[in-house]
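Trainee: I would love to go through this fold with you, one element at a time. Could you help me reason through each part?

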Amino acid sequence: MELDLLRCWQLRRDGEIVHVAVRQQRLIAALAIRGPRVRNYVAGLLWPDCPEPRALESLRVSVHLATRQIPGILVKDGPVLALDPSVQVDLYRVRALLQDSPAGSGAATRALLDLRDAELLPGWYEDWVLFEQSRLHQDRLRALTLLARSLLQAGDCGGAAEAAGAALEIEPLYESAVRALVTAELEMGNPVSALHAYGNYTTALRRDLGVLPSEALTKLIDAVQPGYPPARFSPVLGSQPLTHGVEDFLPVHGGEAAVLPGPLAVGDTRAEAVFAVGLGPRADHQGAAAGGDPGPVRDAVVGHGVI
């Protein structure tokens, strides 16, 4: 028998799909993922909100139905339940692959790259499943990033870029993967692709976390185009008050940049958010934190651009 837990739950016997009720699916999946366990543990895992006697009764029914419908899938050794060792589980193969060195054969490299969409039991939201999903998520992310670094060292920049891209499909804000992707693109003579990857990462990082890339990553880009990404600056001459509501402030070279929801000045027809550069670190907006009326920010604006 073959059991798939990645991408979807599926059990096959002699190549034919075996249709199993959801309650039995949960039991089989739990034993496959957690290994042999005593009945009390399994009952508490699958029915955490039920009193123990009721949970054990539910487990007894599930075990009976599973063994009647799929003879040989479970091993019952007194109080211990287990999945039969002859059942081939795709998760086991993936775990073994993730534990191996990423600098393996071409087949192993391709197998790792194929894990970009290998989610564990998607659509299952029980706490124990979410924990296992998160663990596999991190294992896949680290393995693909290590693979990208290994391929870079071996001189396979194309493979490194593919591995780094696969890692970023799993976690777009994983800087180690971004750094590997940028390095690979630069090594292949693709500075535009490198700048594009860096720009996407910087924008997402600022939008989602309000932080800036690391100095190490910025240095890679500065070697190609210092000061990237440009903010599509439009000059604003002289001092100009910011009369619109300020949504956020970002650190910029010891001062701050104000993020505003609309146009900076009268006559500016752009509706998207813009930022203004050149605010001092003690701008008037800090009065809002003390409960006062911040009023318009009066510090000079030296430029602004669309976010």
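Trainee: In what order do the 3 strands of the open antiparallel sheet stand?

Mentor: Happy to help, and keep in mind that this is a predicted model. β4 (37–38) and β5 (74–77) are the edge strands, each with a single partner, so one side of each has no neighbour in the sheet. The pairing is antiparallel, and the order is β4-β6-β5.

Trainee: Which residue of β6 is the bridge partner of L74?

Mentor: Start with the strands: β5 pairs with β6 (residues 80–83) in the antiparallel sense, over 4 bridges. Within that pairing, the β6 partner of L74 is L83.

Trainee: There is also an open sheet of 4 strands; which strands are at its edges?

Mentor: Read the order of that sheet, which has mixed pairing: β3-β2-β1-β7. The strands that pair on one side only are β3 (16–18) and β7 (88–89).

Trainee: Which residue in β3 does R13 stand opposite?

Mentor: Strand β2 (residues 10–13) and β3 pair in the antiparallel sense, with 3 bridges between them. In β3, the residue opposite R13 is E16.

Trainee: Is D14 buried or exposed?

Mentor: D14 belongs to the loop between β2 and β3. Its phi is positive, about 55°, although D14 is not a glycine. The cut-off for exposed is over 50% relative accessible area. With a value of 77%, D14 is exposed.

Trainee: L121 has a positive phi too; is L121 buried or exposed?

Mentor: Most residues other than glycine have a negative phi. L121 has a phi near 45°, and its place is the loop between α5 (106–113) and α6. Buried means under 20% relative accessible area. At 1% relative accessibility, L121 is buried.

Trainee: Which residues touch the most other members of the largest nonpolar core?

Mentor: That core has 72 residues. Its largest share, 9 residues, comes from helix α6 (residues 127–153). The residues that touch the most other members are L3, L5, W9, L83 and L121.

Trainee: What does L3 touch, leaving out residues up to four places away in sequence?

Mentor: L3 is among the core residues that touch the most other members. Two more of that group, W9 and L83, are also on the contact list of L3. The full list is W9, Q10, L11, I28, A32, L83, V87, Q88, V89 and D90.

Trainee: Which residues is Q25 in contact with, leaving aside those within four places in sequence?

Mentor: Q25 is found in helix α1 (residues 22–34). Q25 is buried, with a relative accessible area of 16%. Its contacts beyond those sequence neighbours are W9, V20 and W124.

Trainee: Which helices do the buried residues of α8 pack against?

Mentor: α8 has 13 residues and spans 18 Å from first C-alpha to last, close to the 18 Å expected at 1.5 Å a residue. Its buried residues are E175, S176, A177, V178, A180, L181, V182, A184 and E185. Just after α8, G189 takes a positive phi of about 80°. The packing partners of those buried residues are α6, α7 (157–170), α9 and α10.

Trainee: And which helices do the buried residues of α9 pack against?

Mentor: Helix α9 (residues 191–209) has 19 residues and reaches 26 Å, close to the 27 Å expected. Its buried residues are A194, L195, A197, Y198, G199, Y201, T202, A204 and L205. G210, just after α9, has a positive phi of about 70°. Those buried residues pack against α8 (175–187) and α10 (215–222).

Trainee: Over the face of which ring does R37 lie?

Mentor: Aromatic pairs number 0 in the structure, but arginines do sit over rings here. R26 lies over the face of W47, 5.4 Å from the ring centre. For R37, at 5.1 Å from the ring centre, the ring is that of Y41.

Trainee: To finish, what percentage of the chain's residues count as buried?

Mentor: The secondary structure comes to 10 helices and 12 strands. Among contacts between residues at least 6 apart in sequence, 58% join residues at least 24 apart. Of the 307 residues of the chain, the buried share is 42%.

How values were computed
Residues are numbered from 1 along each chain as its sequence is written. This is a predicted model: local features need pLDDT of at least 70, side-chain atom pairs count only at pLDDT 80 or more; totals for chains, interfaces and linings use all residues. Side-chain values use heavy atoms; hydrogens and water are left out. Rings of Phe, Tyr and Trp (its six-membered ring) pair if their centres lie within 6.5 Å; planes under 30 degrees apart count as stacked, over 60 as edge-to-face and the rest as tilted. A charge sits over a ring if NZ of Lys or CZ of Arg is within 6 Å of the ring centre and within 35 degrees of the ring normal. Helices (H or I, at least four residues) and strands (E, at least two) are DSSP runs, numbered from the N terminus. The expected span of a helix is 1.5 Å times one less than its number of residues. Buried means under 20% relative accessible area, exposed over 50%, partly exposed in between (1.4 Å probe, protein chains only). Contact means heavy atoms within 4.5 Å. A nonpolar core is a set of buried Ala, Val, Leu, Ile, Met, Phe, Trp, Tyr and Cys residues joined through side-chain atoms within 4.5 Å. Two strands pair if DSSP finds at least two bridges between them.
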